[in-house]
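Visitor: I am new to this structure and would like to be led through it slowly. Could you show it to me before we begin?

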2 protein chains.
Amino acid sequence: MKSYREMTREELAREEQNLIKAFDAEKAKGLSINMARGKPSTAQLDLSNDMLDVINSKSDFCSEKGSDCRNYGDIAGIDEAKRLMGDMVGVPWENVMVYGNASLSIMYDFVSRSMLKGVLGSTPWCQLDHVKFLCPVPGYDRHFGITEYFGIEMVNIPMTPTGPDMDKVEELVNNDSAVKGIWCVPKYSNPQGITYSDDTVRRFASLKPAADDFRIYWDNAYAVHHLYDDQQDELLDILGACEEAGNPDMVYEFFSTSKITFAGSGLSGMAASQKNLDEIRHQMNVRIISYDKMNMLRHARYLVNLDGVKAKMAQHAKIMRPKFDTVVNTLNRDLKSLDIASWIEPHGGYFVAFEAMDGCATAIIQLAKEAGITLTPAGAPFPYHKDPRDSVIRIAPSLPPVPDLQAAMDVFTLCVRLATVRKLQEK
Amino acid sequence: MKSYREMTREELAREEQNLIKAFDAEKAKGLSINMARGKPSTAQLDLSNDMLDVINSKSDFCSEKGSDCRNYGDIAGIDEAKRLMGDMVGVPWENVMVYGNASLSIMYDFVSRSMLKGVLGSTPWCQLDHVKFLCPVPGYDRHFGITEYFGIEMVNIPMTPTGPDMDKVEELVNNDSAVKGIWCVPKYSNPQGITYSDDTVRRFASLKPAADDFRIYWDNAYAVHHLYDDQQDELLDILGACEEAGNPDMVYEFFSTSKITFAGSGLSGMAASQKNLDEIRHQMNVRIISYDKMNMLRHARYLVNLDGVKAKMAQHAKIMRPKFDTVVNTLNRDLKSLDIASWIEPHGGYFVAFEAMDGCATAIIQLAKEAGITLTPAGAPFPYHKDPRDSVIRIAPSLPPVPDLQAAMDVFTLCVRLATVRKLQEK
């Protein structure tokens, strides 16, 4: 098909009429399909049902160290859960603490603590006039939600195929003492599926922050969430890299099993240097007696070790692969030759980031909504919900079954074409 | 036996020599018994093992409203869990939100949020020069730990047999706008086992706080934790009382199943007015996607309703009663006639508060430690760990089996006598 950019006004108008007819036909189908959030499908949840049998009334409730997991105690988690999660992200278990079911809460809590108590003795951020976080964009809306809630100024950092624009990161972190943090999803990033290159990780580790209390918020949410057996991204261990670079305390790493076992009933955890952990433990002691060790025991006995995790993730990939293929194949089929959009084909994670022509994202999402397809709102993957170019759409293919997803993607590409053809006529 | 207060110096010296001999004999036994914390015993934990079979791989994972409890969603908890917990404390389920395994974390989070964001639009507390919390004493050490961590000034309020000294509470709350909260354990209070009278609750509900953002932190931790069938304390519903008094937003109520099912793997929850809940939900949306709904489902299906809870608590009482009897009987046997200490015989809860002669608590606890008995540190039930009279000792009888507890209490009363006889000789 002819590229829209080469069409005359008349051709565009004719194309619009054709697209409207097709769109009305889709609308008439009364579809209702949700691609808004990275929610696992029922089939994926079913993969871990057996975990529920691992702990029952006849079980031994003792951790390997001998504490009764039903009772209070072991504030930082049981060793077997620390080991499991440490292995997952490639950090020593001694640097790991295991929490409840939500890594987002850990991150919220860390920002909240830094606001009120500072970081390793620094001035509490709430007493400072300016506190800034760097936000590689597009990124994870819930990260930005935390910093927005606390009134922290967010600074957009462009993403590149190897990670955030490190020239910008270095310039800002190394010179502006108001910069206290950066949000990172370093592997299979949300929403682009980009994995930071070794060079990017090393440049992160070698930052010379103007602020002593600057921390990298390293949300390694998709550490083992590969789509393919033969194309698996590798991410350098940031904790090790920071230690090597003489910056052992500069990073907090977060992770969870939300997309390994049950989205709502998994384990979350974090890793950091011992000096950071001491501060974290001190606060933890104030806010909780211990996290749910029964769920830790359940996970540790079910997944056993990294091999168990990998086996489970291979089962997930089997379900996820056809969904990602559906998204990417439909985009390629319907849009490639039109030269009006771009997208990255990820090797893992939960999303496909679609980049429309500038000024089209809101219109596309609105059209899709009219036809019964719910997409992540335009602007969501940006601080303050503002996509400066109104072009990025996050596609989350995990929840709908493949036939629904195909139907939704058919509508989606139609919406992209219709919105774009209209935009081009405005010029 | 003759009261120590009536003894001559010589008699006291002779008594001390006798006690030292007895104490040395106890020390030689090499006991190691922990009565420091309100930790349920293994027998109590065993009461709920069946709960682990209620949810297994063959279960229906849907909440009554139809959401898959394995997945994300239902941020404020599933209805059946809200109902169960609301019934437990006598508040409508619409006012309830269900959280993770620790009510302490909810309370921490509420204080933290108020510090940074204020309460319903008030100035964030971190921007104020003075923020005060009233602390009925003796009280729960972990409450005081939260306010201490955030640098909130704590003001001691004496406890009476009907609750906190309400004249003092009214005077301070109604006249000092720096007073932003009060910590309460209104039923079977920690550590005295006192239940606030209806009059006390009504006076609480009728406060006219100088500060709009004053809140009662009503930690109803022992709502159903009775020891006897025939002597059960009743607590007036504070939410209802506050609404009646025209102060619907003045209270946050907290509760949990930690001492109903598993101490480390229960549910926690809170109740408040809809206006408060709206603010809380807004923040909740920033910090979490949803709490562990599988554990909610497990609890709701296992305990079913208030009758189920009551039946479970009757089983706990059967185990706890002999322990409390052991404590109280030994105190009566060894100390009553000596006129050197007092204690309250509680109808429920987890503790016995022992009041020694002024200036003796630290010495008693130190002696007990030498003989292998671990008690809650002196001062722990007070803000800043400072018991102004050094007289209160919190006894936690739940963990040791009765024979151990008897051995520990035999040592304890010996330590009380020895420390007191020494104190009396100082005069």
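Visitor: What percentage of the 427 residues in chain A is buried?
Guide: This is a predicted model, in which local features need pLDDT of at least 70, side-chain atom pairs count only at pLDDT 80 or more, and totals for chains, interfaces and linings use all residues. Residues are numbered from 1 along each chain as its sequence is written, while chains are lettered from A and ligands numbered from 1 in the order in which they are written. A residue is buried if 20 or more other C-beta atoms, placed from the backbone, lie within 10 Å of its own, exposed if 12 or fewer, and partly exposed in between. Of the 427 residues in chain A, the buried share is 54%.

Visitor: What is the radius of gyration of chain A?
Guide: The secondary structure of chain A comprises 14 helices and 13 strands (DSSP runs numbered from the N terminus, helices being H or I with at least four residues and strands E with at least two). The globule rule, 2.2 Å times the number of residues to the power 0.38, gives 22 Å for 427 residues, and chain A comes close to this, so it is as compact as a globular protein of that length. Taken over C-alpha atoms, its radius of gyration is 23 Å.

Visitor: Which residue is the bridge partner of A:Ala353 in E13(A)?
Guide: An open sheet in chain A has three strands in the order E10-E11-E13 with antiparallel pairing, where two strands pair if DSSP finds at least two bridges between them. Strand E11 (residues 352-355) of chain A runs antiparallel to E13(A) and is joined to it by four bridges. Within E13(A), A:Ala353 has as its bridge partner A:Arg394.

Visitor: Which element gives the largest share of the side of chain B that touches chain A?
Guide: The contact, for which two residues must have C-beta atoms, placed from the backbone, within 7 Å, takes 44 residues from chain B and 44 residues from chain A. Among the elements of chain B that give two or more residues to this side are helix H5 (103-117) and helix H10 (274-287). The largest share, six residues, comes from H5(B).

Visitor: How are the two copies related?
Guide: Chain B is superposed on chain A, by least squares on the C-alpha atoms of residues with pLDDT of at least 70 in both, through a rotation of 180° with 0.0 Å of shift along its axis, at an RMSD of 0.0 Å. The two copies are thus related as by a two-fold rotation axis.
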